[in-house]
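Hi,

Here is the structure I said I would pass on. Have a look at it first, and my notes on what turned up follow below.

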Amino acid sequence: MINRRTLWRGGLALSSTALLAACHHAWTLDAQDVSVRGHFPALQFQMTDVATGKIVTQANFRGFVTLVYFGYTNCPDVCPLTLAEMVKIIGLLGKDGPKLRFLFVTVDPERDTAPILAKYLHLFGATELVGLRGNAAQLSQFAKSLHADYAVHPAANPADYTVTHSAAVYVFNQHGKAEFICAGLSAQHPDIAGITRDLRHLIKTGAI
Amino acid sequence: MRSHLALIALALSLMAAAPASQIQLGATIMAHGTASGALPCMACHGGHLQGNPAIGAPRLAGLDPAVTLAALKAIASGKMGKNYVMANIARDLSPTQRQAVAAYLASLKSRS
């Protein structure tokens with residue numbers, strides 16, 4: 001009797017584990033992607049879309065898996081690299097590519113005017129790239145909400161004008177919920193296949 | 001002296017003979033990079049390839065083809081430059097792509 005009961009309980013426990021496993025927590029992120037579920041606030045900002053000149057907010061990106069990156073166009077290495085890797089990923093995503101948006105937020109709005117940023121992003125040749133520019137308050141609010149650091153030290157000599165910024169890519173689901181951070185896109189050996197797999201999973205299922 | 005002049009004439013005629021398709025390929029690489037992963041050159045060298053001192057990327061417009069080819073070779077081998085992204089790009093470009101880039105840059109008028 002007791003034995004049977006234990007068995008039954010065991011069976012129940014087993015099947016609920018199986019249920020859990022079948023739901024979204026079973027997904028294992030790529031080693032270069034770090035889950036931030038529940039640790040980061042939802043996507044929230046107000047900025048100007050440099051291609052259209054229109055004010056946009058998180059509401060404009062509902063329904064898209066939305067990636068956020070803070071950078072600047074006079075960036076000698078990590079920003080163009082990240083953009084180029086991102087465009088590769090969008091290509092690999094195939095028909096899922098257009099379901100994603102990559103928001104490139106300039107941390108150097110002083111030099112990155114709307115036309116300059118729009119032209120720069122256009123070079124990379126993917127319509128999924130969106131350039132965002134805001135005033136100091138809009139930028140700092142957005143960056144702070146994601147714990148993204150940046151600093152601009154202007155100088156008359158362009159070679160001495162320095163800009164620092166965090167290089168992470170923040171990934172939000174179709175409802176603006178923070179899902180994970182891609183830390184590897186500007187790394188020496190970005191795991192393009194692995195990051196693509198995570199993004200495709202998110203696009204297909206709406207959660208990681 | 002004479003053979004020198006002949007060589008120069010030959011070089012000039014070769015330059016003038018850069019086929020339009022080659023120049024077109026060079027222009028595409030400049031604006032959009034290559035499928036194998038070279039970044040759009042204009043991202044660092046400027047929309048008019050006028051150079052960008054903020055990045056330390058020199059002016060490319062109007063470069064003599066020999067200079068372009070020699071620079072790419074030196075950068076690829078690590079003998080010149082300090083930007084690792086540029087070094088990777090130089091290594092990534094095939095001989096055909098280098099020729100195309102050189103032909104295109106030469107076709108742009110140098111600012112006097």
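Start with A:Leu199: setting aside residues within four places of it in sequence, A:Leu199 is in contact with A:Val65, A:Leu67, A:Met86, A:Ile89, A:Leu100, A:Val171 and A:Phe180. Bear in mind throughout that this is a predicted model. A:Leu199 also belongs to the largest nonpolar core, which has 86 residues, and it is one of the four that touch the most other members, alongside A:Val68, A:Phe70 and A:Tyr170. Helix α2(A) supplies the largest share of that core, with nine residues.

One of those contacts, A:Leu100, takes us to strand β5 of chain A, residues 100-106. How many of its seven residues are buried? Seven of the seven are, so β5(A) is largely enclosed by the rest of the structure. In a regular strand, side chains alternate between the two faces of the sheet. Here, A:Leu100, A:Phe102, A:Phe104 and A:Thr106 point one way, while A:Arg101, A:Leu103 and A:Val105 point the other way. Note that A:Arg101 is buried along with the others.

Now for what lies beside β5(A). Strand β4(A), residues 65-71, runs parallel to β5(A) and is joined to it by seven bridges. In that pairing, A:Val65 stands opposite A:Leu100. To get from β4(A) to β5(A), the chain passes through helix α2(A), residues 78-93, in a right-handed β-α-β crossover. Strand β6(A), residues 129-133, is also parallel to β5(A), with four bridges between them. There, A:Leu103 of β5(A) has A:Val130 opposite. Together with helix α3(A), residues 114-123, β5(A) and β6(A) form a right-handed β-α-β unit.

For a contrast in chain A, try A:Lys204. This residue lies in helix α5(A), residues 192-205. Is A:Lys204 buried or exposed? A:Lys204 is exposed, with a relative accessible area of 53%. Leaving out neighbours within four places in sequence, its contacts are A:Lys95 and A:Asp96. If you want a sense of scale, A:Lys204 and A:Leu117 are 87 residues apart in sequence and 31 Å apart in space, C-alpha to C-alpha.

Then there is chain B. How many helices and strands does chain B have? The count is six helices and zero strands, so to speak an α-α-α-α-α-α pattern when read along the sequence. Chain B has 112 residues, and 40% of them count as buried. Of the contacts in chain B between residues at least 6 apart in sequence, 57% link residues at least 24 apart.

The helix I looked at in chain B is α4(B), residues 65-76. Its 12 residues reach 16 Å from first C-alpha to last, close to the 16 Å expected at 1.5 Å a residue. At its start, a side-chain oxygen of B:Asp64 comes to within 3.0 Å of the backbone nitrogen of B:Ala66. Just after the helix, B:Gly78 takes a positive phi of about 85°. The buried residues in α4(B) are B:Pro65, B:Thr68, B:Ala71, B:Leu72, B:Ala74, B:Ile75 and B:Ala76. Of these, B:Thr68 has a relative accessible area of 4%. Beyond residues up to four places away in sequence, B:Thr68 touches B:Leu63, B:Val101, B:Ala102 and B:Leu105.

Have fun looking around!

Terms used
Residues numbered from 1 in each chain as written. Chains lettered and ligands numbered in written order. Predicted model: local features only at pLDDT ≥ 70, side-chain atom pairs only at ≥ 80, totals over all residues. Heavy atoms only, no water. Helix = DSSP H or I, 4+ residues; strand = E, 2+ residues; numbered from the N terminus. Expected span 1.5 Å × (residues − 1). Buried < 20%, exposed > 50% of the residue type's maximum accessible area, 1.4 Å probe, protein only. Polar contact = N/O pair within 3.5 Å; in protein donor to acceptor, adjacent residues only side chain to side chain. Pairing = 2+ DSSP bridges. Right-handed = clockwise from strand over helix to strand, strands pointing away. Core = buried A, V, L, I, M, F, W, Y, C linked by side-chain atoms within 4.5 Å. Contact = heavy atoms within 4.5 Å.
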